[in-house]
Amino acid sequence: SSELSTEDQKIKAAAYCRVSTDSDDQENSFLAQVKYYSDYIGSREDMILVDIYADEGISGTTDYRRASFMKMIQDALSGKIDLILTKSISRFGRNTMDVLKNVRLLRDNNVAVLFVENNLNTLDTKTSEMLLTTLSAVAQQESEKISEHVKLGLQMKMNRGELIGFNRCYG
C-alpha cells in the first residue's frame, strides 16, 4: 500500500534527554525536554517518532552508567533510528572523548545527531568536520590537562616524601 511506502521514507527520529540530578527543578526540565521533542518530531511530516530515550539523575561523564543512552546507541546501530535529536553537546555527554567516539560511530553508520541548541547536524559534511575537529581539539586538551594534574599531584607527593603506588610497607 502507498501508506507503507510513505512511512518507510520518513526519517526515523529519536530524542535523547538527560538531567543531571533528580531535584524538582530538574524533573520539570526533563518533562519539558520530553514534551518539546514529542511535539517537534510529531509536527514534522518527514519524520516519525521512534522513541524518546531519557536518563534522569545520572552524570553524563560515563556512557556505561546511562542505560537509556546505551540502548539508543544500540537501536541506532541496528537500523531503528536515522536521526537523534538532543539539546546540546553537554546533554549528549560531558566527556568530550566519549561524545566524539559516539558521534563518529553513529556517523559511520549513517545516523545523524542534531544538537538543537547549536543547530549542528553531524551528517552535514561541512558542519560535521568542523564539529569533529573542535571536539577532537577539546578532547586532546582535556587529556593533556588530566595528565598534567596527575603529574603535578605525584610531584607534590614526592616533594612531601610520601610513598607513591602503595599505602603501607609490609615486613
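## Helix α5, Val 99 and a patch on α6

At 1.5 Å a residue, α5 with its 13 residues should span 18 Å, and its end C-alpha atoms are indeed 18 Å apart, so expectation and model agree. Keep in mind that this is a predicted model.

Who is tucked away along this helix? Which residues of α5 are buried? The list runs Thr 96, Asp 98, Val 99, Leu 100, Asn 102, Val 103 and Leu 106. As background, an α-helix has 3.6 residues a turn, so residues three or four places apart point the same way. Just past the helix, α5 is followed by Asn 110, which has a positive phi, near 60 degrees.

Let's pick Val 99, which sits in α5 (residues 96-108). Skipping its neighbours within four places in sequence, Val 99 touches Ile 89, Phe 92, Gly 93 and Leu 135. Take Ile 89: ten residues separate it from Val 99 in sequence, and the C-alpha to C-alpha distance is 7.5 Å.

Now over to α6 (residues 125-159), where Leu 154 has its place. Together with Ile 146 and Val 150, Leu 154 makes up a nonpolar patch on the surface, and the three share about 250 Å² of accessible area.

Here are the two residues side by side:

| Residue | Relative accessible area | Class |
|---|---|---|
| Val 99 | 2% | buried |
| Leu 154 | 36% | partly exposed |

Why the labels? Val 99 counts as buried because its relative accessible area is 2%, and buried means under 20%. Leu 154 is called partly exposed because its 36% falls between that cut-off and the one for exposed, over 50%.

How values were computed
Residues numbered from 1 in each chain as written. Predicted model: local features only at pLDDT ≥ 70, side-chain atom pairs only at ≥ 80, totals over all residues. Heavy atoms only, no water. Helix = DSSP H or I, 4+ residues; strand = E, 2+ residues; numbered from the N terminus. Buried < 20%, exposed > 50% of the residue type's maximum accessible area, 1.4 Å probe, protein only. Contact = heavy atoms within 4.5 Å. Patch = residues over 30% accessible without salt bridge, like charges linked within 9 Å, V, L, I, M, F, W, Y side chains within 5 Å. Areas by Shrake-Rupley, 256 points an atom, 1.4 Å probe, with all protein chains shown as cover. Salt bridge = Lys/Arg side-chain N within 4 Å of Asp/Glu carboxyl O. Expected span 1.5 Å × (residues − 1).
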